[in-house]
Amino acid sequence: MEEGLRTLSLTSSGQEFLLLARRWEALVQETSQIRTRTKNLTLSIGAADSIQTYVLPAMYKELSKYSKQIEIRIRTQQSTELNQLLERGEIDIAFANLEQPMPNMLVKKFLAERMIVISRGKLPVANNTLTDHELDTSNQLFFEWNPSFRAWYDRWIGDRNYPPIRLDAASLIETFMDS
């Protein structure tokens, strides 16, 4: 220590008190924010990327008309993470690709769509039915939709190689369709 310089340090009790004082200060600030809030209701919505991008925009546009009365929070997450956010109370509603029963939660099917094949070229067809065992996997894009689709695909692909491009966001499909 240099001569003439003094240092100040807290005892362990002083350090504990400082932590408590900081938490108290945060609570005081949070309390004052509650008084100044103008919105009465918060609605927190979580959804998987593909649902967020292609299914919910019209609903969001309609909800935005009520943004003076409702604070709207939107989160984009994977389906399994959405379930965890629901369990912790961090979101009010979730739109997931994976239907997973959860205790103390109401799970309802919101939307069901058939999977389709998109092709730039001619597909092998017999009697107006796709002969999928003749599809060349080297020219495919694999879209990781959900575990049940993955299980079906694994059975379907058999011993053939997986497609060289695997996507987990529907918004990327169009990007690779031109490749």
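A residue is called buried under 20% relative accessible area, exposed over 50%, and partly exposed in between. In this predicted model, Ala 151 has a relative accessible area of 35% and is therefore partly exposed. Asn 83, by contrast, has a relative accessibility of 8% and so counts as buried. Over the whole chain, buried residues account for 21% of the 179 residues.

The chain contains six helices and seven strands. Read from the N terminus, these elements follow the order α-β-α-α-β-α-β-β-β-β-α-β-α. The chain is more spread out than a compact globule, because its radius of gyration is 26 Å, well over the 16 Å that the globule rule gives for 179 residues. Along the principal axes, the C-alpha atoms fill a box of roughly 90 × 50 × 35 Å. Of the contacts between residues at least 6 apart in sequence, 56% join residues at least 24 apart.

The largest nonpolar core consists of eight residues: Ile 45, Ala 47, Ala 48, Ile 51, Leu 56, Tyr 60, Leu 63 and Phe 95. Two or more residues of this core are given by each of β1 (41-47) and α3 (57-64). Another core, of six residues, lies apart from the largest one, and includes Leu 135, Phe 149, Tyr 153 and Ile 157.

Within the largest core, Ala 47 was examined for its contacts beyond the neighbours within four places in sequence. These contacts are with Gln 52, Leu 56, Arg 75, Thr 76, Gln 77, Leu 82 and Phe 95. Leu 56 and Phe 95 are themselves members of the largest nonpolar core.

The buried residue Asn 83 is placed in helix α4, which spans residues 79-87. When neighbours within four places in sequence are left aside, Asn 83 is in contact with Gln 100 and Met 102. The partly exposed residue Ala 151 belongs to helix α5, which covers residues 147-157. Ala 151 and Asn 104 are 47 residues apart along the chain, and a distance of 28 Å separates their C-alpha atoms.

With regard to the surface, the chain exposes about 14,400 Å². Carbon and sulfur atoms supply 52% of this exposed area. The chain carries 21 positive and 23 negative charges, and the mean positions of the two sets are 7 Å apart.

Terms used
Residues numbered from 1 in each chain as written. Predicted model: local features only at pLDDT ≥ 70, side-chain atom pairs only at ≥ 80, totals over all residues. Heavy atoms only, no water. Core = buried A, V, L, I, M, F, W, Y, C linked by side-chain atoms within 4.5 Å. Buried < 20%, exposed > 50% of the residue type's maximum accessible area, 1.4 Å probe, protein only. Helix = DSSP H or I, 4+ residues; strand = E, 2+ residues; numbered from the N terminus. Contact = heavy atoms within 4.5 Å. Rg over C-alpha atoms; globule rule 2.2 N^0.38 Å. Areas by Shrake-Rupley, 256 points an atom, 1.4 Å probe, with all protein chains shown as cover. Lys, Arg positive; Asp, Glu negative; His and termini not counted. Charge placed at Lys NZ, Arg CZ, Asp CG, Glu CD.
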